[in-house]
Amino acid sequence: MVDMNYNQLYQQNKKTWSEQPNQLLKLARQDFVPGSYFLDLGCGQGKDALFVVKNGFKVTAVDLSEVAIKQLQATIIEQNLKNIEAIQSDVKNFVIEKDVYDIIQGNHLLQFLPKPVAIELIKDVQQKVKLNGFIILASFTIDDPSFKLPQPKKISTYFEPQEMLRLFDGFKIIHYIERVILDQGHGGVLSPHQHGVVEIIAQKR
Ligand SMILES: C[S@@+](CC[C@H](N)C(=O)[O-])C[C@H]1O[C@@H](n2cnc3c(N)ncnc32)[C@H](O)[C@@H]1O
């Protein structure tokens with residue numbers, strides 16, 4: 001189990017991540033049909049889930065952190081949002097219904113899962129997403145500065161160069177990049193820091 005106390009982090013920071021939706025979502029949005037069904041795995045406090053539901057999508061948002069899910073459920077009630085459900089669950093136990101979701105996202109979730117579990121989840125998502133549906137993933141690569149830290153690390157999974165691309169053989173690749181980004185800081189780590197990331201938007205054909 002990853003020693004990452006998200007409950008504590010979320011308790012202390014009502015908006016741990018920026019309120020802005022992630023860049024990949026903005027990039028892919030033009031390809032989405034309004035009314036599509038969106039699954040957000042490892043949704044955190046729900047910045048992306050809230051953005052998509054407010055843009056006319058139906059949303060299921062799942063996270064391990066009870067604090068995050070309670071906060072998201074409170075926002076849903078406060079803002080009287082329909083078409084969104086927030087579920088507290090480990091993604092390993094969450095059964096993804098087949099051919100229900102048009103878009104399945106995992107924005108910086110996979111790095112917290114053991115590598116075999118992360119790969120299994122990718123395969124499951126590929127099988128379950130609707131035909132012509134989209135998968136949006138961002139995760140850490142071996143270029144992340146934390147990769148060189150001694151064990152035990154807070155991060156479980158790092159992708160090798162081109163590894164994610166190979167996992168999506170047979171899919172239409174809408175966007176793929178491996179790069180080192182400057183994160184301006186967030187709840188828990190306020191100072192700017194770098195991350196090695198891989199980002200993919202892929203469509204099931
Ligand atoms: C870096 S945060 C990203 C949150 C969100 N996707 C966002 O972009 O704002 C990673 C999230 O993954 C969740 N997480 C980690 N392991 C998980 C698991 N096994 N099942 C479900 N969620 C998990 C954490 O609780 C945390 O909210």
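This is a short tour of a predicted model, with a suggestion at each stop of what to select and a note on what is there.

**Stop 1: the ligand**

Start by selecting the ligand and the residues around it. The shell holds 20 residues, and Gly-42, Gly-44, Leu-64, Val-91 and Asn-107 come nearest. Try colouring the shell by residue type: you should find nine nonpolar, six polar and five charged residues.

**Stop 2: strands 1, 2 and 3**

Now select residues 58-63, which form strand 2. Five of the six residues in strand 2 are buried, leaving the strand mostly covered.

Add residues 37-41 to the selection to bring in strand 1. Strands 1 and 2 run parallel and are joined by five bridges. To see the pairing up close, pick Phe-38 and look across to strand 2, where Val-59 stands opposite. Then show residues 47-54, helix 3: together with strands 1 and 2, helix 3 makes a right-handed β-α-β unit.

On to strand 3, residues 84-88. Which way does strand 3 run relative to strand 2? The two are parallel, again with five bridges between them. A good pair to click here is Asp-63 and Gln-88, since Gln-88 of strand 3 stands opposite Asp-63. Strand 2, helix 4 (residues 66-78) and strand 3 form a right-handed β-α-β unit too.

**Stop 3: helix 4**

Keep helix 4 on screen. Its 13 residues reach 18 Å from the first C-alpha to the last, close to the 18 Å expected at 1.5 Å a residue. Select Ala-68, Ile-69, Gln-71, Leu-72 and Ile-76, the buried residues of helix 4. Turn the view to look down the axis of helix 4: the buried residues fall within an arc of 160°, so they line one face of the helix. Now colour Glu-66, Ala-74, Ile-77 and Glu-78, which are exposed on the other side of helix 4.

Follow the chain out of helix 4 towards strand 3 and stop in the loop at Asn-80. Asn-80 is not a glycine, yet it has a positive phi of about 50°. Most residues other than glycine have a negative phi. Is Asn-80 buried or exposed? Asn-80 counts as exposed because 6 other C-beta atoms lie within 10 Å, and the cut-off for exposed is 12 or fewer.

Asp-99 is another stop of this kind, in the loop between strand 3 and strand 4. Its phi is positive as well, at about 60°, although Asp-99 is not a glycine. Asp-99 is exposed, with 11 C-beta neighbours inside 10 Å.

**Stop 4: strands 4, 5 and 7, with helix 5**

Select residues 134-140 for strand 5, where seven of seven residues are buried. In a regular strand the side chains alternate between the two faces of the sheet. Give the two faces of strand 5 separate colours: Phe-134, Ile-136, Ala-138 and Phe-140 on one side, and Ile-135, Leu-137 and Ser-139 on the other, are all buried.

Next, show strand 4 (residues 103-107), which runs parallel to strand 5 and is joined to it by five bridges. Gln-105 has Ile-136 as its bridge partner in strand 5. Between these strands the chain passes through helix 5, and this β-α-β crossover is right-handed.

Ile-136 also leads you to strand 7, where its bridge partner is Ile-201. Strand 7 (residues 193-203) runs antiparallel to strand 5, and seven bridges join the two.

Return to helix 5, residues 115-128. Its 14 residues should span 20 Å at 1.5 Å a residue, and the end C-alpha atoms are indeed 20 Å apart. Its buried residues are Ala-118, Leu-121 and Val-125. These cover an arc of only 60° around the axis, which puts them on the same side of helix 5. The face turned away from that buried side carries the exposed residues Pro-116, Lys-123 and Gln-127.

**Stop 5: two loops**

Finish with Asn-13, in the loop between helix 1 (6-12) and helix 2 (23-28). Asn-13 is partly exposed, with 14 C-beta neighbours inside 10 Å. Draw a C-alpha to C-alpha distance to Gly-188: it should read 8.1 Å, although 175 residues separate the two in sequence.

Finally, pick Gly-185 in the loop between strand 6 (172-183) and strand 7. Gly-185 is exposed, with 12 other C-beta atoms within 10 Å. From Gly-185 to Ser-18 the C-alpha distance is 9.3 Å, across 167 residues of sequence.

Technical notes: Residues numbered from 1 in each chain as written. Predicted model: local features only at pLDDT ≥ 70, side-chain atom pairs only at ≥ 80, totals over all residues. Near = placed C-beta within 6 Å. Nonpolar A, V, L, I, M, F, W, Y, C, P; charged D, E, K, R; others polar. Buried ≥ 20, exposed ≤ 12 C-beta atoms within 10 Å, placed from the backbone. Helix = DSSP H or I, 4+ residues; strand = E, 2+ residues; numbered from the N terminus. Pairing = 2+ DSSP bridges. Right-handed = clockwise from strand over helix to strand, strands pointing away. Expected span 1.5 Å × (residues − 1). Arc of directions from axis to C-beta.
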